[in-house]
Amino acid sequence: MTGPNEPHPSLENWWMPFTANTAFRSSPRMVVGARGTHYIAQDGREILDALCGLVCSPAGHGRPEIAEAIHRVANELSYMPPFQHGHPIGFETAERLVRMTPEGLDHVFFTNSGSESTETALKIALLYHRRRGEGHRQFLVGRERAYHGVNFGAMSVGGIPANRDGFGSGLPGVVHLRHTWLPENRFTKGEPAHGVELAEDLERFCWSLGGQNIAACIVEPVAGSTGVLVPPRGYLERLRAICDAHGILLIFDEVITGFGRLSTNFGAQRFDVRPDIMCTAKGLTNGVVPMGAVVAAEHVYDAITEGGTRAGIELFHGYTCSAHPVACAAALASMEIFEREGLVERAQKLEDYFLDAIFSLQDLPVVTDVRGHGIMAAVDLAPDGAPGTRGLRALQEFWDAGVMVKFTADSFLVGPALVIERHEIDEIVRRIRGVLERYDEGRKQ
Ligand SMILES: Cc1ncc(COP(=O)(O)O)c(C=O)c1O
């Protein structure tokens, strides 16, 4: 790897994802190392990582336990086809994960990313109904401002127009609930008081499309990528009740909210609402090796495995690298750290401090809203011209100030590693404030 002060490789050939490629080449933000809660930039500067990667490294960067586990397994079993063959470490990883998931969610299907997890969950939902003789259930319900990944299914149920624009019409039979951001909830810590009635959108779809025709409703317990939209009080319970009344499967996309982000193992436990299917990725391996997992409830697994071709393959779906041994090694080592270091308990103790620190930015004129729950928060900035213009400028200025966050248009997301110290949170907020103080626009009402 190119170290500090060594020459850059050519920037021409890597077509970077979700990146302003041309702008990047004229002002590259290059990272050459990561330790704990910070990155090392190519110019040698230390950049505080306020987002633990892309909310995927709750145990912090550079954990030797994970690196050693990967090294060991790569030497022992570098690859093995997961179709019709198994390996102990795959079963061990599934068993270990199930110890963290809500009661009754026991069957793990491994993928390689969050996008593949949501794609897999949607296919499982359709097949579940088909196997039970209800193949007419074809509608899928997503939500505005949701992010479930970039594959066609995930893109279709997702609710970010820019992610669909230019990529065709997507899956047929997809409808979207309204998002849950409401102006009267601005600057609310935790679950906002207003908006439980937005869950009735699902009931309206049951009326207009026929509840008996809907296969699944997929939501993030807290919408992450579009700026930490915490569900209004009672909203998820109401979605669960409507799904139960109409036989619809409830899918929680926990790709961000999993692994301690909400001070519980998963969001389902924080809100005490149990989905039928749960999607995870990111923190499963602490972001070290790509891996995702879909965890299905007993009734879903049974309907598919018992209701199908008994002697044959029950689910015609899988990936070359499902349960890759090296990814399993990383997942096991990460879950071991998670438990040994009590990261959930750590998050619980840190939560109020973290949220108070981020909410302290609300006095700045350019800040139009702050939201947060657990160890994740978002700050909206008043736009400056076309949406995203302010965000792009701030991203660069944050980088120059030595702090990394993620921007979606003019909102930024903060979700540091759960091992972060209080003084590091203070420093992140100090650096962010230093940039935002230079923006003097009045708060938009
Ligand atoms: C809630 C959610 N689902 C799915 C994904 C997609 O994950 P990946 O980028 O690993 O495909 C993301 C990524 O940020 C996410 O936040």
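**Figure 1. Burial and overall dimensions of the protein chain.** Of the 445 residues of the protein chain, 48% count as buried in this predicted model. The chain is built from 15 helices and 15 strands. Its radius of gyration is 22 Å, close to the 22 Å that the globule rule gives for 445 residues, so the protein chain is as compact as a globular protein of that length. Taken along the principal axes, the box filled by the C-alpha atoms of the protein chain is roughly 65 × 55 × 45 Å. When contacts in the protein chain between residues at least 6 apart in sequence are considered, 74% join residues at least 24 apart.

**Figure 2. Close-up of the shell around the ligand.** The ligand has 15 residues around it, of which S113, G114, S115, G149 and V255 come nearest. Helix α5, spanning residues 114–131, gives the most to this shell, with three residues. Sorted by class, the shell around the ligand holds eight polar, five nonpolar and two charged residues.

**Figure 3. Close-up of P183 in its loop.** The loop that contains P183 lies between strand β6 (174–177) and helix α8 (200–210). P183 has 9 other C-beta atoms within 10 Å; a residue counts as exposed if there are 12 or fewer, and P183 is therefore exposed. H194 is also shown: P183 and H194 are eleven residues apart in sequence, and their C-alpha atoms are 9.6 Å apart in space.

Notes:
Residues numbered from 1 in each chain as written. Predicted model: local features only at pLDDT ≥ 70, side-chain atom pairs only at ≥ 80, totals over all residues. Helix = DSSP H or I, 4+ residues; strand = E, 2+ residues; numbered from the N terminus. Rg over C-alpha atoms; globule rule 2.2 N^0.38 Å. Buried ≥ 20, exposed ≤ 12 C-beta atoms within 10 Å, placed from the backbone. Contact = placed C-beta atoms within 7 Å. Near = placed C-beta within 6 Å. Nonpolar A, V, L, I, M, F, W, Y, C, P; charged D, E, K, R; others polar.
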